[in-house]
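Biologist: I have a structure open and would like to learn how to read it. Where do we begin?

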Amino acid sequence: VPDRLDAAHLTHQLRTTAARLGGRSGRALYQRIRSMPPLPAQVVHVVKSSGTAARVPWPQYPPANYLGQLADEFQAKLALERADLERSDCDFYHTSTFSDGSVVEGAWDLRGREDAYLGSIALNARRVLELGPASGHLTRYMESQGAEMVCLDTGFDVSNDLLPYDGIDVSGPTMQYMVNIGQVQNAWWYLHRDLRSAAKVVYGSIYDPPRDIGTFDVATFGSILLHLRNPFNALEQAARRTTEAIVVTEVIDPAIAEGSDAIRFHPTRSKEVSQVWWSFSPRSIEVMLETLGFHGISTTFHSLLHHWGHDMSQPAQEVPMYTVIGRRR
Ligand SMILES: C[S@@+](CC[C@H](N)C(=O)[O-])C[C@H]1O[C@@H](n2cnc3c(N)ncnc32)[C@H](O)[C@@H]1O
């Protein structure tokens with residue numbers, strides 16, 4: 001703010017600025033400003049701003065075409081951004097055990113049932129793509145079985161798919177939802193650091209995964225297809241990159257008759273914005289995997305302990321589930 005705020009002084013200031021911006025340098029400056037990407041309208045910080053680490057916002061600009069994320073330097077950058085996370089910054093979706101033996105209870109308890117959950121798929125020396133790892137209990141389990149892990153989850157400017165109940169605009173709820181997902185992803189990184197995991201993660205679209213992530217022996221879809229607007233598209237993208245087997249685990253919907261090949265849309269009929277799009281019969285998953293060229297099908301049934309509605313004040317209940325494995329050969 002100038003000391004002398006009179007009209008003559010202001011006119012002089014404006015003339016000087018206009019002269020400075022005129023001509024070639026002015027045009028160059030204008031071009032540069034025009035070519036800058038617009039700022040996202042709203043920004044949510046998913047990692048607390050205190051501490052020494054940089055904040056990790058959603059949305060934020062991805063690396064060009066989402067490429068280069070598996071480079072060690074890029075993974076180190078992601079880890080550094082989350083280096084000062086504390087347990088209170090995290091939402092542990094899975095019941096999780098830390099290196100000091102302590103346990104945090106999550107809405108889903110997979111402990112001791114991981115092998116059944118994954119259909120007893122062989123993991124040793126396999127390169128595995130885990131779609132939607134949440135807080136990463138299975139990431140660590142598969143790693144402990146000898147797998148080289150790469151996870152894919154939403155991030156940068158890609159959000160989870162919210163079902164627009166009654167035609168409502170989901171952009172506001174999406175912002176809030178991504179705060180919650182950010183806390184679940186914080187938990188993935190907290191465990192990653194605590195358990196000295198070598199797993200890598202890429203963020204982006206499950207419908208158009210980064211082109212440079214390579215091929216995998218196995219791809220896993222643990223309780224994620226129900227959350228996807230376009231589940232077949234996601235399976236198809238994974239199939240293109242998978243040489244051995246795809247593993248799909250879902251909750252059994254008692255409203256679907258046994259032996260049926262049905263898929264139900266919006267099975268919860270929730271009157272709120274929901275992230276549950278579908279429930280699948282085991283047969284429907286088998287048919288989709290066969291359609292994608294995975295003909296060696298095995299389907300198994302099991303259950304998991306779950307706090308319904310993620311309400312930790314209620315006792316955990318057994319939830320019946322199934323796992324379909326489709327094999328190339
Ligand atoms: C219900 S959790 C499943 C966690 C774990 N796979 C398991 O089986 O226990 C769903 C996971 O899928 C991710 N997810 C949901 N929608 C997604 C989308 N459109 N693209 C990528 N990941 C998505 C969520 O962020 C979360 O990590």
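Modeller: Begin with the ligand, and keep in mind that this is a predicted model. A polar side-chain atom of His94 lies 2.6 Å from an oxygen atom of the ligand.

Biologist: Which backbone atoms lie close to ligand atoms, at 2.7 Å and 2.9 Å?

Modeller: Gly132 places a backbone N or O atom 2.7 Å from a ligand nitrogen atom. For Ala134, a backbone N or O atom is 2.9 Å from an oxygen atom of the ligand. Now the cover: taken alone, the ligand exposes 600 Å², and the protein buries 95% of that.

Biologist: How many residues surround the ligand?

Modeller: There are 18, and Tyr117 and Asp153 are among the closest. By class, the shell has nine nonpolar, seven polar and two charged residues.

Biologist: Next, the sheet. In what order do the strands run?

Modeller: Eight strands form an open sheet, ordered β5-β13-β14-β10-β9-β6-β7-β8, with mixed pairing. β5 and β8 stand at the edges with a single partner strand each, so one side of each has no neighbour in the sheet.

Biologist: How do β10 and β14 run, and how many bridges join them?

Modeller: They run antiparallel, joined by seven bridges. One pair to find is Val251 with its bridge partner Met321 in β14.

Biologist: Last, helices. Why is α7 called largely enclosed?

Modeller: Count buried residues, meaning those under 20% relative accessible area. In α7, seven of the 10 residues are buried, so the rest of the structure largely encloses this helix. Among them are Pro231, Leu235 and Ala239.

Biologist: What covers those buried residues?

Modeller: The cover includes strands β6, β9, β10 and β12, and helix α8.

Methods. Residues are numbered from 1 along each chain as its sequence is written. This is a predicted model: local features need pLDDT of at least 70, side-chain atom pairs count only at pLDDT 80 or more; totals for chains, interfaces and linings use all residues. Side-chain values use heavy atoms; hydrogens and water are left out. Buried means under 20% relative accessible area, exposed over 50%, partly exposed in between (1.4 Å probe, protein chains only). Helices (H or I, at least four residues) and strands (E, at least two) are DSSP runs, numbered from the N terminus. Contact means heavy atoms within 4.5 Å. A residue is near a molecule or strand if one of its heavy atoms lies within 4 Å of it. A polar contact is a pair of N or O atoms within 3.5 Å; within protein, one must be able to donate a hydrogen and the other to accept it, and residues adjacent in sequence count only if both atoms are side-chain atoms. Accessible areas come from the Shrake-Rupley method with a 1.4 Å probe; for residues, only the protein chains shown count as cover. Ala, Val, Leu, Ile, Met, Phe, Trp, Tyr, Cys and Pro count as nonpolar, Asp, Glu, Lys and Arg as charged, and the others, Gly among them, as polar. Two strands pair if DSSP finds at least two bridges between them.
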